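Q: I have this model open beside its sequence, and I'd like to take a close look at one part of it. Could you walk me through it at the level of single residues?

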Amino acid sequence: MNFLSDLLDNHVLMTAIIAWFVASVIKTLIHAFLNQEFSLERMVGSGGMPSSHSATVCALALATAFDYGVSGFPFAIAVMFAIIVMHDARGVRQEAGKQAKVLHQLIEELAAEDLTKGIPVDNLKEFVGHTPLQVLMGALLGLVVAAILYATVY
């Protein structure tokens with residue numbers, strides 16, 4: 001029982017989880033509004049506005065600053081982790097999504113001419129990365145969530 005209590009009292013962890021949840025709900029609602037369909041997969045799926053990954057790691061970094069200060073190693077680790085995650089979301093994963101889209105188009109063209117024999121036609125995820133705006137909005141959301149929690153709750 002002490003473990004659960006200690007876990008729930010970990011402000012840094014709880015702030016990151018709450019920021020992830022808030023970003024995921026917003027991302028799901030925006031997706032539903034723009035596409036006129038509700039997809040629960042958007043709660044846990046990659047890609048979309050705002051970036052829940054960016055919100056999570058930025059909330060984590062700011063909460064770490066609030067709890068441990070900016071001069072120690074916990075903040076340094078959190079900031080570097082945030083930079084790497086946001087770079088990956090914007091760069092590597094977005095490029096993988098673009099490549100998946102091109103491969104799907106190529107397979108469709110080959111299928112139209114009955115040339116897909118022996119080619120695996122499993123669907124690749126196209127919605128895996130983020131635009132710079134999605135990353136920025138996720139980062140700002142994470143900072144705002146952390147600031148609000150530390151100003152009002154913690």
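Is Ser 24 buried or exposed, and what is its relative accessible area? Please go on from there to the helix around it.

A: Happy to, and please keep in mind that this is a predicted model. Ser 24 is buried, because its relative accessible area is 0%, and buried here means under 20%. Ser 24 belongs to helix H2, which covers residues 11–35. Setting aside the neighbours within four places in sequence, Ser 24 has contacts with Arg 42, Met 43 and Ser 52.

Now let's move along to another residue of this helix. Thr 15 also has its place in H2. With a relative accessibility of 0%, Thr 15 counts as buried too, because the cut-off is 20%. If you again leave out neighbours within four places in sequence, the contacts of Thr 15 are Ala 59, Ala 63, Val 145, Ala 146, Leu 149, Tyr 150 and Tyr 154. For a distance you can check on screen, take the C-alpha atoms of Thr 15 and Val 57: they are 9.9 Å apart, with these positions 42 residues apart along the chain.

Several of those partners bring us to helix H6, residues 132–152. H2 and H6 pack with their axes 9 Å apart and at an angle of about 130°, and the two helices are therefore oblique to each other. Their crossing is right-handed. On the H2 side, the contact is formed by His 11, Val 12, Thr 15, Ile 18, Ala 19, Val 22, Ala 23 and Ile 26. H6 contributes Leu 141, Gly 142, Val 145, Ala 146, Leu 149 and Tyr 150. Sorted by class, this contact of H2 with H6 has eleven nonpolar residues, three polar ones and no charged ones.

Val 12, one of the H2 residues in that contact, also leads to a third helix. Val 12 is touched by Thr 64, a residue of helix H3, which runs over residues 52–68. Thr 64 counts as buried because its relative accessibility is 5%. Its other contacts, leaving out residues up to four places away in sequence, are Gly 69, Pro 74, Phe 75 and Ala 78. The side chain of Thr 64 also has a polar atom 2.7 Å from the backbone oxygen of Leu 60.

To retrace the path on your screen, begin at Ser 24 in H2, step to Thr 15 in H2, look across at the H6 residues, including Val 145 and Leu 149, and finish at Thr 64 in H3.

Definitions and conventions
Residues numbered from 1 in each chain as written. Predicted model: local features only at pLDDT ≥ 70, side-chain atom pairs only at ≥ 80, totals over all residues. Heavy atoms only, no water. Helix = DSSP H or I, 4+ residues; strand = E, 2+ residues; numbered from the N terminus. Buried < 20%, exposed > 50% of the residue type's maximum accessible area, 1.4 Å probe, protein only. Polar contact = N/O pair within 3.5 Å; in protein donor to acceptor, adjacent residues only side chain to side chain. Contact = heavy atoms within 4.5 Å. Axes fitted to C-alpha atoms, helices over the stretch in contact; angles between N-to-C directions. Parallel < 35°, antiparallel > 145°, perpendicular 65-115°, else oblique. Left-handed = near helix turned anticlockwise from the far one by under 90°. Nonpolar A, V, L, I, M, F, W, Y, C, P; charged D, E, K, R; others polar.
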